[in-house]
Amino acid sequence: AETDVTDYFLETRRAAFGRDLILRLGTQPLPSDSLLAEDGAWRGVSVRLDDPDGQSDVLGFALHPAEASGRRNLTGLEDPDARIAGVAGHAFPLANAGLRADILALTGRAPLASGDAGRVSGAAVRLSGPLSFGDLGQDIGDYAVDYALSETHDTAGPARAAAWQAEAAVALLPQSNGATMELRLSASRIEADFFTPLNPDLIANERRLGAEVLYQSDEWQVRLAAAQARSNIAGDPRQPTDQFRDLTLDASFSPYVFTGGFLNGITFYGSAYAEDQRRLDTPAGGPPPDDFRLRGISLGMDRFQPDHSWAVGVAVDWLDDRSGRDGTERRQRVQAAYAFTPDDLTTLTLNAELGERKGAFGTLNDMTLETSLAFPIVPDLWSAHVEAGAIRTDAPGGTGAYFGAELKRDLSPATSILLRADYAEGAKADPLSPGQGWVLGLGLRHEFGSGGQ
């Protein structure tokens with residue numbers, strides 16, 4: 001038998017230095033916004049001082065700088081080649097000014113961009129707040145400025161690099177208007193050797209400019225965004241130079257109809273986008289270009305009522321491969337969902353999805369059907385949850401099916417016993433039973449109170 005553990009934490013709180021002192025083992029979120037760390041959580045240990053008034057929050061941590069699950073590395077500190085320590089926090093240093101300062105500093109060992117483990121360190125600061133205008137200090141927007149440094153040491157030697165990002169938004173309509181519209185501008189520059197294990201998806205060696213207009217009213221929301229980026233920002237003659245561009249338009253319309261009928265509770269939405277990548281320069285012996293042009297459009301609607309809801313949507317994408325590898329294809333997909341909730345304890349859901357891909361490989365079709373039912377057997381004592389689904393596809397290895405049933409016995413408002421049985425096969429097979437088979441589980445669930453003692 002094997003146990004799968006994903007997110008967990010144990011913590012204790014007490015008063016210290018006029019603040020809340022929090023000791024935590026397990027999944028660790030960081031109380032700061034920074035280029036050094038994405039929005040996420042990692043396994044580790046921490047000591048935290050949190051101001052009850054929200055004016056400051058400081059965390060000292062040691063953690064595993066990658067995803068970890070299962071029983072291995074429960075503490076997050078068991079792998080010496082993947083262990084990061086540091087301090088993170090934020091504060092409002094000026095009273096009544098709205099200025100927020102975020103800091104993050106880290107050091108340790110982690111897998112680097114080369115794939116080898118090595119020493120890494122970094123430090124970052126972020127300043128953000130409202131933009132004010134006039135003697136009355138009326139807010140007309142907001143701003144944020146980020147700056148970060150990183151240093152790595154691997155077999156090739158040390159590498160130091162910097163990254164910065166800035167954005168600002170200004171209101172285009174007065175606050176007294178029934179609608180809002182804002183313009184947001186952004187710019188960033190990430191040097192070639194910049195690396196942080198807590199934000200590995202950050203694209204290095206790139207500069208980017210972006211602009212976005214957002215309009216919101218009681219019935220409409222429209223967003224238009226454009227961005228352009230360029231690689232090889234240092235102009236290294238040994239590296240290829242690519243240009244990236246994307247344009248997105250999103251819109252939704254929710255008519256305010258309270259007298260019943262089809263339009264009551266309905267929302268219409270649509271989206272269109274365009275992306276392309278173009279090689280500007282290829283050095284002698286350099287990699288071939290990955291040029292492409294991607295276009296897409298989606299339309300749909302959903303409707304929410306007190307006892308049921310539904311949604312339907314369709315999306316079509318066209319990929320024009322301009323690299324000469326004949327990867328051009330078209331994808332189209334139709335989705336539908338329905339939920340029925342006759343009372344607070346009973347929910348029935350139905351989901352269906354049909355897709356098609358056409359390209360040089362031919363035509364691939366797929367279909368997904370899923371359903372679930374949660375219902376009480378004896379209210380406040382026994383309840384059950386049943387789910388099932390199937391995937392059928394022309395793609396090799398993509399077909400599968402699953403069934404699951406869970407029986408829950410409440411021992412108290414915070415404690416329950418759960419008995420679960422799952423069967424799966426093919427692409428939906430559980431890692432504990434490869435190919436096909438049953439997985440049985442018995443568990444005790446307890447929800448701790450907000451006191452956190």
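Before I turn to single residues, let me fix one term: a residue is called buried under 20% relative accessible area, exposed over 50%, and partly exposed in between, with a 1.4 Å probe and protein chains only. By that rule Trp438, at 53% relative accessibility, counts as exposed, whereas Tyr423, with a relative accessible area of 23%, is partly exposed.

What you have above is a predicted model, in which local features need pLDDT of at least 70 and side-chain atom pairs count only at pLDDT 80 or more, while totals for chains, interfaces and linings use all residues. Residues are numbered from 1 along each chain as its sequence is written, and side-chain values use heavy atoms, with hydrogens and water left out.

Let me stay with the rings. Rings of Phe, Tyr and Trp (for Trp, the six-membered ring) are paired if their centres lie within 6.5 Å, and the pair is stacked if the planes are under 30 degrees apart, edge-to-face if over 60, and tilted otherwise. The count by this rule is two aromatic pairs. One of them joins Tyr423 and Trp438, which are tilted, with 5.4 Å from centre to centre and 50 degrees between the planes. Tyr423 belongs to strand E22 (residues 415–426) and Trp438 to strand E23 (residues 436–446), so that the pair, 15 residues apart, links distant parts of the chain, where helices (H or I, at least four residues) and strands (E, at least two) are DSSP runs numbered from the N terminus.

Strands E22 and E23 come back when we look at the surface, since together with strand E19 (362–378) they are the elements that give two or more residues to a nonpolar patch. That patch covers about 840 Å² and includes Ile377, Val378, Trp382 and Leu407. Here a patch is made of residues with over 30% relative accessible area and no salt bridge, like charges being joined within 9 Å and nonpolar side chains (Val, Leu, Ile, Met, Phe, Trp, Tyr) within 5 Å, and the areas come from the Shrake-Rupley method with a 1.4 Å probe, where for residues only the protein chains shown count as cover. Val378 is found in strand E19 and is partly exposed, at a relative accessible area of 35%.

Now to the charges. How many salt bridges does the structure hold? There are 30, a salt bridge being a side-chain nitrogen of Lys or Arg within 4 Å of a carboxyl oxygen of Asp or Glu. Asp57 and Arg48 form one of them, with the closest N and O atoms 2.5 Å apart, and Asp57 is buried at 5% relative accessibility. Arg208 appears in two that I will mention: with Glu206 the closest N and O atoms are 3.5 Å apart, and with Asp246 the N to O distance is 3.7 Å. The second of these links distant parts of the chain, Asp246 in strand E13 (residues 241–253) and Arg208 in strand E11 (residues 206–216), 38 residues apart. Of these residues, Glu206 is buried, at 9%, while Arg208 is partly exposed at 28%, and Asp246 is partly exposed at 26%.

I will end with Ala272, in strand E14 (residues 266–281), which is partly exposed with a relative accessible area of 29%. Not counting residues up to four places away in sequence, Ala272 touches Leu247, Thr248, Leu249, Gly296 and Ile297, contact meaning heavy atoms within 4.5 Å.
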